[in-house]
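Here are some exercises to work through with the structure open beside you. Try each task first, then compare your route with the worked solution.

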Amino acid sequence: MSAEVITFSLLNGTLYGMLLFLLASGLTLIFSMMGVLNFAHASFFMLGAYFGYEISGIVGFFPALIIAPVLVGLFGALIERYGLRRVHKFGHLGELLFTIGVAFVIEEAIQMIWGRSPMDYQVPEALNFTAFEIFGTGYPAFRLFMLIMSVAIFAGLALLLTRTRVGLIVKASLTHPEMVSMLGHDVPLVFMSVFGVGSALAGVAGVIGGPILITQPSMAAALGPILFVIVVVGGLGSLAGAFIASLLVGFIQTFAVAIDLSVADVFGLIGVTQPPAALGALVSDIWNVSVSQVGPVIPYLLLVVMLIFRPMGLIGKRA
Amino acid sequence: MKPELNITAETLLSVRGLQAWYGKSHILHGVDLDVKRGEIVSLLGRNGAGRSTLLKAIMGAVTTKGEVQFGGQSLGGQKPHRIAHAGIGYVPENRDVFPDLTVRENLILGLKPKGEGRWSMEDIFDLFPVLRTRAETNAGSLSGGEQQMLTICRTLIGDPDLIMVDEPTEGLAPKMVAAVGELLERIAAKGVSILLVEQKLVIALDISHRLYVMGHGEIVFEGTPTGLMNAPEVRAEWLEV
């Protein structure tokens with residue numbers, strides 16, 4: 001692998017990882033609070049992309065970058081207030097099914113309104129230039145912008161949670177909701193806000209990820225499973241774990257695409273150029289499969305390995 | 001010694017005919033109870049008599065029927081955080097500190113959002129200096145007694161007019177038990193009323209102005225410490241094991 005490939009993979013891996021973290025952070029906060037995974041989280045991301053597309057067509061990209069996430073956040077808060085909170089008394093299964101239902105409804109609604117084809121959601125003109133050149137190849141300014149946005153939001157979220165009274169209330173409510181309410185804090189309001197902010201973060205990811213990842217009705221279904229990998233690998237309910245796992249999955253996916261190594265190459269190093277015939281057709285099938293071809297599967301492999309050997313995740317406390 | 005009580009003091013908390021349920025089980029069967037401003041009132045009784053449930057019922061944490069008035073305002077059907085805002089502080093029996101937050105952060109969570117109360121962070125640290133020296137350590141690493149002090153102080157810093165404390169001396173070393181008793185008296189000296197659930201008769205007799213004895217979800221005795229001392233039959237039937 002050349003230095004060029006490594007540099008670009010590092011940049012893109014960090015970018016993709018940080019984008020994933022925008023989603024995973026909200027998902028993990030909501031998980032800590034509800035005790036169930038929100039299956040509609042990737043759908044909020046998709047809503048962000050569509051709202052971003054639609055609103056930037058009217059008022060331009062940068063106002064849309066604020067308006068669309070606010071709308072998605074409000075939508076999320078309403079879902080919590082009038083949906084999840086009522087379903088809560090029927091237990092975790094009810095909540096889980098409810099979020100799956102919401103995901104379907106959002107996907108269908110999007111298809112009804114915008115159709116099945118991808119939207120023409122383009123990188124805004126103001127950011128459509130080359131930010132810098134390395135190894136003779138330009139790096140798009142929009143990608144750099146995405147990276148800066150994600151890092152800024154990460155820093156903001158970390159500061160909010162660790163340095164403010166609001167952050168303390170959220171942290172304490174996750175583990176001791178009853179006690180926190182006895183101290184005079186409106187815990188249901190806290191939960192609704194966390195849900196809203198988590199949804200809004202997914203909305204931000206949608207607005208900035210839409211032009212790069214293709215805004216289409218299947219984008220939620222494509223991203224959702226990867227999010228669950230991140231949240232489980234990082235450790236359910238752990239923000240730090242979600243951060244590490246987001247970057248890990250980001251790097252795995254970008255590096256895997258760049259690695260053109262196959263089983264044949266590995267054995268070629270020790271002089272074996274043909275699969276032993278005795279091992280049959282199965283081995284000869286995988287003989288020439290390269291790492292880049294199995295790249296999309298690697299995160300799920302990681303998930304399986306993690307669940308076998310460390311079910312609580314990298315940093316999580318519960319299995 | 002307990003602070004002198006002004007006998008003409010107004011009634012702060014008034015509970016009438018309070019019933020409470022845990023799911024389907026009926027725990028309180030119509031309780032009447034009063035706490036005056038600045039008064040220390042103890043709730044005695046065996047385990048399961050309904051004392052802790054009474055505190056939770058006043059706090060709005062269980063299903064109830066009946067009348068709870070506080071400072072002349074009805075609290076019936078209010079949510080716990082509203083009841084806390086009205087001026088009732090509750091210290092649960094299980095020492096519910098937030099173990100992953102520091103001592104200072106625990107106290108910040110109890111702090112009254114607006115305005116100055118009777119107690120500043122410094123007052124709290126003066127009241128119990130160990131909390132100052134351990135302000136930046138995680139509350140989970142404090143000893144049982146220190147955690148108890150922290151939960152009381154965390155509620156106190158929210159400036160309640162009435163503080164309800166559930167079994168604060170449970171499982172504490174004798175020296176710590178005395179310290180808790182002393183702390184409660186200093187709280188009352190600032191004009192805060194105290195409703196104390198206590199197993200240790202000695203403490204209750206020593207610091208209370210008035211006592212209630214509960215049995216089977218009802219009040220079975222109401223009177224002064226002297227009154228209870230002169231009623232051996234009450235002690236035998238409802239308190240002694």
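**Exercise 1. Work out the strand order of the open sheet in chain B, and find which strands stand at its edges.**

Solution. Bear in mind that this is a predicted model. Start by tracing the pairing across the sheet: six strands of chain B form an open sheet in the order β6-β7-β8-β3-β9-β10, and the pairing is mixed. Next, look at the two ends of that order. β6 (88-91) and β10 (218-223) of chain B each have a single partner strand, so one side of each is left without a neighbour in the sheet. Finally, follow the twist, which averages 20 degrees from one strand to the next.

**Exercise 2. Determine in which sense β3 and β8 of chain B pair, parallel or antiparallel, and then see which helices pack on the sheet.**

Solution. Take the strands first: β3 (residues 40-44) and β8 (residues 193-197) of chain B run in the parallel sense, with four bridges between them. For a landmark, find B:Val41, which has B:Leu195 of β8(B) opposite. Now add the helices. Helix α1 (residues 51-58) of chain B packs on the sheet and touches β3, β6, β7 (162-166), β8 and β9 (210-215) of chain B. The direction of α1 makes about 145 degrees with that of β7(B). Helix α6 (residues 144-156) of chain B also packs on the sheet, touching β6 and β7 of chain B, and its direction makes about 165 degrees with that of β6(B).

**Exercise 3. Decide whether A:Ala126 is buried or exposed.**

Solution. Begin by locating A:Ala126 in the loop between α4 (92-114) and β1 (130-134) of chain A. Then count neighbours: A:Ala126 has 12 C-beta neighbours inside 10 Å. The cut-off for exposed is 12 or fewer, so A:Ala126 counts as exposed. As an extra step, compare positions with A:Gly184: the two residues are 58 apart along the chain, and their C-alpha atoms are separated by 47 Å.

**Exercise 4. Describe the side of chain A that touches chain B.**

Solution. Count first: 16 residues of chain A are in contact with 16 residues of chain B. On the chain A side, the elements giving two or more residues are α6 (165-175) and α7 (177-182). The largest share, six residues, comes from α6(A). Sorting this side of chain A by class gives seven nonpolar, five polar and four charged residues.

**Exercise 5. Check two annotated spans of chain A against the model's secondary structure.**

Solution. The unreviewed UniProt entry annotates several spans of chain A as "transmembrane region", including 59-78 and 90-114. Residues 59-78 of chain A are 95% helix and 0% strand, with end C-alpha atoms 25 Å apart. Residues 90-114 of chain A are 92% helix and 0% strand, and there the end C-alpha atoms lie 34 Å apart.

Terms used:
Residues are numbered from 1 along each chain as its sequence is written. Chains are lettered from A and ligands numbered from 1 in the order in which they are written. This is a predicted model: local features need pLDDT of at least 70, side-chain atom pairs count only at pLDDT 80 or more; totals for chains, interfaces and linings use all residues. Two strands pair if DSSP finds at least two bridges between them. Axes are lines fitted to C-alpha atoms, for helices over the stretch in contact, and angles run from 0 to 180 degrees between N-to-C directions. Two residues are in contact if their C-beta atoms, placed from the backbone, lie within 7 Å. A residue is buried if 20 or more other C-beta atoms lie within 10 Å of its own, exposed if 12 or fewer, and partly exposed in between; C-beta atoms are placed from the backbone. Ala, Val, Leu, Ile, Met, Phe, Trp, Tyr, Cys and Pro count as nonpolar, Asp, Glu, Lys and Arg as charged, and the others, Gly among them, as polar. UniProt positions are given in the numbering used here, feature names are shortened, and annotations may be inferred rather than shown by experiment.
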